[in-house]
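I opened this notebook page to record what I looked up, one item after another, with the structure at hand.

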Amino acid sequence: MPTYKSLIFLLTIGLMPVGSATADVTKSDQKQAVMAAMKIATITKMYQQDADDQGLSNPAVLQQYANADLQAAMKLEQDYFDKNQTSCNIDYDVLWDSQDPDYMQDKKFSMTEQGLVQVSLAQGSDIYYELSCDANDKRADCQVADVILDDDGKTLRKHLLETCR
């Protein structure tokens with residue numbers, strides 16, 4: 001009988017860390033889900049604003065949602081244009097992957113395994129956004145850090161930094 005009690009005691013002790021580890025994983029999963037929801041909400045809001053304004057926001061809607069690094073790269077493009085009267089920017093609207101966007105087209109917002117927000121447009125294009133978020137901020141603020149332009153991983157920020165100097 002004493003062996004039976006000590007076996008139960010050892011099993012109970014052995015299970016305690018497993019329960020704690022499970023709780024940590026659950027908290028981590030919840031935090032990731034909250035961050036994903038914050039990122040998708042930010043991009044959804046950005047697209048809705050751009051559609052409502054028909055792309056005529058000033059400054060551009062992407063610039064309004066961009067973090068400081070992406071804003072600095074976008075400012076390089078503006079300065080380049082002011083100086084040279086020609087653009088070094090991408091020759092299409094990166095939000096809509098089009099020169100003549102259909103602002104009312106259906107969109108699907110999702111997260112990739114890499115933590116990027118994927119916007120799938122009805123026209124067949126997928127646009128990927130890297131966001132930085134401050135989870136400690138009461139406003140749950142996320143900003144666009146970059147836009148992935150192609151399958152090779154070229155980004156808007158890198159393009160502007162290389163082309164607009």
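**Aromatic residues**

I began with Tyr103, which is buried, its relative accessible area being 12%. I kept in mind that I was reading a predicted model. Tyr103 forms an aromatic pair with Trp96, and I noted an edge-to-face arrangement with 5.4 Å from centre to centre and 80° between the planes. Trp96 itself counts as buried, at 0% relative accessibility.

I then looked up the pairs in the whole structure and found four of them. One of these joins Tyr47 to Trp96, again edge-to-face, with the centres 5.0 Å apart and an angle of 75° between the planes. Because Tyr47 lies in helix 1 and Trp96 in the loop between helix 3 and strand 1 (107–111), this pair ties together parts that are 49 residues apart in sequence. I also recorded that Tyr47, Trp96, Tyr103, Phe109 and Tyr129 make up one aromatic cluster. Setting aside residues up to four places away in sequence, I listed the residues that Tyr47 touches, among them Leu95, Lys107, Val119, Leu121 and Ile127.

**Nonpolar core**

Next I turned to the largest nonpolar core, which has 31 residues, and saw that Met46, Tyr47, Leu62 and Tyr129 touch the most other members. Several elements each supply at least two residues of this core, including helix 2 (61–65), helix 3 (68–84), strand 3 (126–134) and helix 4 (156–163). The largest share, five residues, comes from helix 1.

**Disulfides**

My search of the whole structure for disulfides returned two. In the link of Cys88 and Cys164 the sulfur atoms are 1.8 Å apart, and with 110° about the S-S bond this link is right-handed. Since Cys88 lies in the loop between helix 3 and strand 1 and Cys164 in the segment after helix 4, the pair ties together parts that are 76 residues apart in sequence. Cys88 is buried at a relative accessible area of 5%, and Cys164 counts as buried at 4%.

The sulfur atoms of Cys133 and Cys142 are 2.0 Å apart, and their link is right-handed, with 110° about the S-S bond. Counting bonded cysteines along the chain, I wrote down the pattern as 1-4, 2-3.

**Lys39**

Which side chain of opposite charge is nearest to Lys39? I found Glu130, 8.1 Å away, and noted that Lys39 is buried yet has no salt bridge. Lys39 has its place in helix 1 (residues 2–52). Leaving aside neighbours within four places in sequence, Lys39 is in contact with Met111, Gly115, Val117, Leu131, Cys133 and Cys142.

Definitions and conventions
Residues numbered from 1 in each chain as written. Predicted model: local features only at pLDDT ≥ 70, side-chain atom pairs only at ≥ 80, totals over all residues. Heavy atoms only, no water. Helix = DSSP H or I, 4+ residues; strand = E, 2+ residues; numbered from the N terminus. Buried < 20%, exposed > 50% of the residue type's maximum accessible area, 1.4 Å probe, protein only. Lys, Arg positive; Asp, Glu negative; His and termini not counted. Salt bridge = Lys/Arg side-chain N within 4 Å of Asp/Glu carboxyl O. Contact = heavy atoms within 4.5 Å. Core = buried A, V, L, I, M, F, W, Y, C linked by side-chain atoms within 4.5 Å. Phe/Tyr/Trp six-rings, centres within 6.5 Å; stacked < 30°, edge-to-face > 60°. Disulfide = S-S within 2.5 Å.
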